[in-house]
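Subject: Structure for your review

Dear colleague,

Please find below the structure I wished to pass on to you. My findings follow it.

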Amino acid sequence: FAPSFAFIVIGGPFVDRMPRRGRLASALHGVSVAVVGAIAALAVFVGRHVLWVDGRLDWLAIVLAVGAVIALARFRVNVLWIVAVSAAAGMILGPF
């Protein structure tokens with residue numbers, strides 16, 4: 001993570017000063033699309049491995065995921081609260 005973090009910290013101020021048109025802007029747009037695709041692919045990968053454990057659906061994970069989406073979308077609950085409550089519920093109710 002360190003190299004990508006360094007690129008963001010060092011290059012961030014320069015991106016704001018770049019022109020909004022031209023080849024550089026097109027290249028940055030292409031990179032943005034690629035990053036969104038990579039994040040989506042990673043979300044699907046992690047979701048598959050969390051929701052299906054040993055070939056079976058993990059119903060606790062499904063209930064927590066649906067509850068988190070509802071809390072975020074409908075009630076605008078802070079993400080930190082959702083992470084904390086989900087972690088606590090997983091530790092208390094999850095199979096250990």
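In what order do the elements of the protein chain run from the N terminus on? The order is α-α-β-β-α-α, which corresponds to 4 helices and 2 strands. Please note that this is a predicted model.

Overall dimensions

The protein chain has a radius of gyration of 19 Å, whereas a compact globule of 96 residues would have one near 12 Å. Its C-alpha trace spans about 55 × 30 × 30 Å along the principal axes. Of the 96 residues, 7% are buried. The accessible surface amounts to about 8,300 Å², and carbon and sulfur atoms account for 75% of that area.

The strands and the loop between them

Strand β1 covers residues 52–53 and includes Trp52. This tryptophan is classed as partly exposed because its relative accessibility is 46%, a value between the limits of 20% and 50%. In space, the C-alpha atoms of Trp52 and Ile62 lie 9.6 Å apart, with a separation of 10 residues in sequence.

Asp54 belongs to the loop that joins β1 to β2 (56–57). Its phi is near 55 degrees, a positive value in a residue other than glycine. Asp54 is also exposed, at 71% relative accessible area.

Helices α3 and α4

A nonpolar patch of about 620 Å² lies on the surface and is formed by Val66, Ile70, Phe75, Val77, Trp81 and Val85. Two or more of its residues come from each of α3 (59–73) and α4 (79–93). Ile70, one of the patch residues, sits in helix α3 and is partly exposed, with a relative accessible area of 44%.

In the loop between α3 and α4 one finds Arg76. Here, too, phi is positive in a residue other than glycine, with a value near 55 degrees. Arg76 has a relative accessible area of 68% and therefore counts as exposed, the limit being over 50%.

At the N-terminal end of α4, Asn78 acts as a cap: one of its side-chain oxygens is 3.0 Å from the backbone nitrogen of Leu80. What span should α4 have, given its 15 residues? At 1.5 Å a residue the expected span is 21 Å, and the end C-alpha atoms are indeed 21 Å apart, so the two values agree.

I would be glad to receive your comments.

With kind regards

How values were computed: Residues are numbered from 1 along each chain as its sequence is written. This is a predicted model: local features need pLDDT of at least 70, side-chain atom pairs count only at pLDDT 80 or more; totals for chains, interfaces and linings use all residues. Side-chain values use heavy atoms; hydrogens and water are left out. Patches are made of residues with over 30% relative accessible area and no salt bridge: like charges are joined within 9 Å, nonpolar side chains (Val, Leu, Ile, Met, Phe, Trp, Tyr) within 5 Å. Accessible areas come from the Shrake-Rupley method with a 1.4 Å probe; for residues, only the protein chains shown count as cover. A salt bridge is a side-chain nitrogen of Lys or Arg within 4 Å of a carboxyl oxygen of Asp or Glu. Buried means under 20% relative accessible area, exposed over 50%, partly exposed in between (1.4 Å probe, protein chains only). The expected span of a helix is 1.5 Å times one less than its number of residues. A polar contact is a pair of N or O atoms within 3.5 Å; within protein, one must be able to donate a hydrogen and the other to accept it, and residues adjacent in sequence count only if both atoms are side-chain atoms. The radius of gyration is taken over C-alpha atoms; the globule rule is 2.2 Å times the number of residues to the power 0.38.
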